[in-house]
Amino acid sequence: FGLEVVVVGRLGYEALLPALVASVVGDLVTRGLGIHHTVYPVPGVLPLTAQVLGKWLVFAVGVAVVAVVFVEGLHRLKALLERRVRWLPLRMAMGGTAVVLLWLWVGTDEYLGLGVPGIIRAFEDPALPVSAFAWKLAFTVVTLGSGFLGGEVTPLFFIGASLGNVLARVLGLPVDLGAAVGMAALFAAAANTPLALSIMAVELVGAGVLPHVMIVSTVAYLLTGHRGIYPSQRIGRRKHGGPLLEQWVPLRELEAPGPRGPGDSGPGGHGSG
């Protein structure tokens, strides 16, 4: 994830060994302290056929749409509040109040916190409310957009797993596999990290999730365009291909859906003359 997330379009293999060391040491230390990851249900194996492939392509479109809504909603709300309410404590108080009002409106605690029980439920419950992913999206966008930090990863897993549950039911795919693919693919699209999240899906639910998660993550990643949840993430190469840009452009500086080339004026370019 560290190798893939820094610059879209470039994997820094020079950092491969340090990243590997950090990952292994971090994992050993965490396990040594007695902390373990949540154990997720393992979906059954689904053969990839032409019909199944078509369903996954439709699935990927749905994931991309929700990823764009999440990313745009988060950044636009944050920008609006920063422009209208300049004092951070007041913005956070407003956001906290809004979360409480949402909680009272929904009448359940299921969308508060990280939502790990909701993720597990998405793997197992064929009657999961269709609106579950939308509610969790709203709670998360309001919380992060009003200034609270941290907590976008697991909530995105919740949104993706519950969305995957719904899409799987609509498309006639296994619910547990849909939840697993959705959980990984939504974060892959929102963070521009399809390779890392496909590997993560295998770590969490087993190799049976391949190649389905790779297909959905890649297509959703391409469909979301040059946007993401991390404003400091840079664009090193356009998603549709081409050479590395001479000057990498942070997502926060993009003025258009795609980054400018090295000969263009504006952020990331040197000017044309």
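## Chatting through a predicted model

Q: Hi! Where do Trp56 and Phe59 lie?
A: Trp56 and Phe59 are both in helix α3 (residues 50–84), three residues apart, which is about one turn of the helix. Helices (H or I, at least four residues) and strands (E, at least two) are DSSP runs, numbered from the N terminus.

Q: Good. Any ground rules before we go on?
A: This is a predicted model, with residues numbered from 1 along each chain as its sequence is written. Local features need pLDDT of at least 70 and side-chain atom pairs count only at pLDDT 80 or more, while totals for chains, interfaces and linings use all residues, and side-chain values use heavy atoms, leaving out hydrogens and water.

Q: And how many aromatic pairs does the structure hold?
A: Seven aromatic pairs. Rings of Phe, Tyr and Trp (its six-membered ring) pair if their centres lie within 6.5 Å; planes under 30 degrees apart count as stacked, over 60 as edge-to-face and the rest as tilted.

Q: What sort of pair do Trp56 and Phe59 form?
A: Edge-to-face: Trp56 and Phe59 are 5.0 Å apart centre to centre, with 70 degrees between the planes.

Q: Are Trp56 and Phe59 buried or exposed?
A: Both Trp56 and Phe59 are buried. Buried means under 20% relative accessible area, exposed over 50%, and partly exposed in between (1.4 Å probe, protein chains only).

Q: What about Phe157 and Phe187?
A: Phe157 and Phe187 are another edge-to-face pair, at 5.8 Å centre to centre and 70 degrees between the planes. Phe157 sits in helix α7 (residues 153–171) and Phe187 in helix α8 (residues 175–191), so this pair ties together parts 30 residues apart in sequence. Phe157 is buried at 9% relative accessible area, and Phe187 counts as buried at 3%. With Phe1, Phe157 and Phe187 make up one aromatic cluster.

Q: Which ring does Lys239 lie over?
A: Lys239 lies over the face of Tyr221, 4.1 Å from the ring centre. Lys136 does this with Phe158, at 5.4 Å from the ring centre. A charge sits over a ring if NZ of Lys or CZ of Arg is within 6 Å of the ring centre and within 35 degrees of the ring normal.

Q: Switching to α8: what does Ala180 touch?
A: Ala180, which has its place in helix α8, touches Pro43, Phe123, Val205 and Val209, not counting residues up to four places away in sequence. Contact here means heavy atoms within 4.5 Å. Ala180 counts as buried, at 1% relative accessibility.

Q: Now the sheet: what is the strand order?
A: The open sheet of three strands runs β1-β2-β3, with mixed pairing. β1 (7–8) and β3 (249–250) stand at the edges with a single partner strand each, so one side of each has no neighbour in the sheet. Two strands pair if DSSP finds at least two bridges between them. β1 pairs with β2 (residues 234–235) in the parallel sense over two bridges, and Val8 stands opposite Ile235 in β2.

Q: What is the mean pLDDT of the protein chain?
A: The mean is 90, and 93% of the residues reach 70 or more. Residues 255–273 have pLDDT below 50; this stretch has 37 contacts in the model beyond near neighbours in sequence. pLDDT is the predictor's confidence in each residue, from 0 to 100.
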